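Me: I'd like to go through this one and check why each label was used. Can you set the values against the definitions as we go?

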Amino acid sequence: METDGLFSLAQPELSAPQHAAPAAGFGTPAADAPLPVRMRPAGLDELVGQQHLLAPGAPLRQLVTGSSPMSVILWGPPGTGKTTIAHLVAHATDRKFIAMSALTAGVKDVRAVIDTARNDRRRGGPPTVLFIDEVHRFSKTQQDSLLAAVEDRTVTLLAATTENPYFSVISPLLSRCVLLTLQALEEDDVRALIRRAVADQRGLGGAVTLTDQAEDHLVRLAGGDVRKALTALEAAAGSALAQGAKEIDLATAERAVDVAAVRYDRDGDAHYDIISAFIKSMRGSDPDAALHYLARMIVAGEDPRFIARRIVIFSSEDVGMADPQALLVATAAAQAVQLIGMPEAQLNLAQAVVHMATAPKSNSVTTAIGEAMADVRAGRVGAVPAHLRDAHYSGARGLGHGRGYRYPHDDPKGVVRQQYVPDDLVGTDYYRPTEHGAERAVGERVPRLRRIVRGLGPRGASAGSAVRAAGGAPAPDASQSSAASVSGPPAPADGPEAGDVETAGPASAGEGSGDADEGSGAPGAALAADEADESGPGGPADPPATGTGAAAAGPEPGSDEQRSDERGDAAGKEQP
């Protein structure tokens, strides 16, 4: 059974000799084998890099020497030596070595190896080492077939994977193996291997030389992948010899390999690491770093819709009300990805990324919804106040639904004193505006709105917030605090201009008389006067409409309260 060209799967035989030869593909490489294959280390001392795993008594050294029959999973990026280590294990001891690739092997092949290893063990034969390359490609059932044999050491498992085994290998198999993490090789390690390949008889045997600039170019292109470095060296050497040259210069190396491979697995660590760095760069207001990670994802072939979704989420999670236009920019970029597609849509994504990175930041929306959901999950829900309940169906009025509802549009300011939250959440603050960007104007508006809606005096403050901080639910009276409030209704106006702020609530006393006339159609009056002299039902002289008191009695015929009730009924009919 042929695999991916690195080795062949030798079918096990029940009558295996006491000292089995290495599996096919793990013998001496042919003269025309690729340079990375010819340059594989012949012994542990030739292994470059991974010094953290090669100390005396370390698991990797014990595995190669055969001093301990432990099962091992090798996890690391391509070109870090996983298959090389398998070759060292195959040649270092008299253990029987069987190799297979998860790309082509199935449960039947695994069970055949295990049955043969069990029979050999009963006859006193050598222990069996089973090497599985790309083990993450095994299904759960295929991995399950290994469990019993690994646990009782019928076979010693040596598995290699480029993907995070915590995601791709089942937990029972992980718990039976030692996980060894191989790191990408350092530049000095790659440079040393390139020089060895140029001089060694197994490699180029001194047929060509390499200039310093060409060597630097190959090291840079490798990105820690020694297989890529040696493949590029072989291509450059072939190009130089074809031209009758004995030296590989920078121009020759660039012609041979001109693009660095981007290490990026869409389902593994690189995927999560790069998108994490991408988001954190935008959050940290570094547009250059954000564009770098965007480019890495685009070049690696990441789904642009995934990138667009993350930008849309970021626009509300990390920019929020500090720049309300950010959400529009993000959703427009996502739509452009759908309508235009790549590669042109990379310009739309880049524009959105620059906007997010340079926008003022606020996570107040994220914090507010998080606190609100935490309260709901904790059981702080309460009954919907009667005057806010749906009143469009027959019999609802008899239950008191909608009675006492005040229609904000009937008030010149567009904001009225009225209880909107359940009784046990009165005075609860969720939304806390920051001083960043456009949210500064919102931060000035929200306290004004809360003072009117909650019926507080001008700049009123009391122990309401303190009670909330202690976990209590203050009574709905006029002494409740609005200093750190966050749960009021959204501002009726859209922008941060002075006129918009005043539309939501006139300026408070002491803020300057110029604010008094800036409302869009609102009477020119200071906030203190508005708060102290609200006319109509629900003013400071009246108790606020609550979930219990508003249903006690019906409104007077033809009164403002009756008209508000009718408006509430109409609003109810529009609801699904």
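**The sheet and what packs on it**

Reply: Sure, starting with the open sheet: five strands in the order S2-S3-S4-S1-S5, with parallel pairing. This is a predicted model, where local features need pLDDT of at least 70, side-chain atom pairs count only at pLDDT 80 or more, and totals for chains, interfaces and linings use all residues. Residues are numbered from 1 along each chain as its sequence is written, and side-chain values use heavy atoms, with hydrogens and water left out.

Me: What makes S2 and S5 the edge strands?

Reply: Each of them, S2 (96–101) and S5, pairs on one side only. Pairing takes at least two bridges found by DSSP, and a strand is a DSSP run of E with at least two residues (helices are H or I runs of at least four), numbered from the N terminus.

Me: How do you know that S1 pairs with S4 and with S5?

Reply: Four bridges join S1 to S4 (residues 155–161), running parallel, and four join S1 to S5 (residues 178–181), again parallel. The cut-off is at least two bridges, so both count as pairs. For landmarks, Leu74 stands opposite Ala160 in S4, and Trp75 is opposite Thr181 in S5.

Me: Which way do the S1 side chains point, and are they buried or exposed?

Reply: Val72 and Leu74 point one way from S1 (residues 72–75), Ile73 and Trp75 the other, and all are buried. Buried means under 20% relative accessible area, exposed over 50%, and partly exposed in between (1.4 Å probe, protein chains only). In a regular strand the side chains alternate between the two faces of the sheet.

**Two helices in contact**

Me: What makes the contact of H9 with H11 nonpolar?

Reply: The geometry comes to an angle of about 35° between H9 (residues 187–199) and H11 (residues 226–242), with axes 10 Å apart. Axes are lines fitted to C-alpha atoms, for helices over the stretch in contact, and angles run from 0 to 180 degrees between N-to-C directions. H9 brings Val190, Leu193, Ile194, Ala197 and Val198, and H11 brings Val226, Ala229, Leu230 and Leu233; contact means heavy atoms within 4.5 Å. The split is nine nonpolar, no polar and no charged. Ala, Val, Leu, Ile, Met, Phe, Trp, Tyr, Cys and Pro count as nonpolar, Asp, Glu, Lys and Arg as charged, and the others, Gly among them, as polar.

**Backbone oddities**

Me: Why is Glu134 called buried?

Reply: Its relative accessible area is 17%, and the cut-off is under 20%, so Glu134 is buried. Glu134 is in the loop between S3 and H5 (140–144), and has a positive phi of about 55° although it is not a glycine.

Me: And why is Arg153 called partly exposed?

Reply: Arg153 has a relative accessible area of 46%, between the 20% and 50% limits, so partly exposed is the label. Arg153 is found in the loop between H6 (147–151) and S4, also with a positive phi, about 60°.

Me: What is the peptide bond from Met342 to Pro343, and where is Pro343 found?

Reply: That bond is cis, with omega near 10°. Pro343 is in the loop between H16 (325–340) and H17 (345–358).
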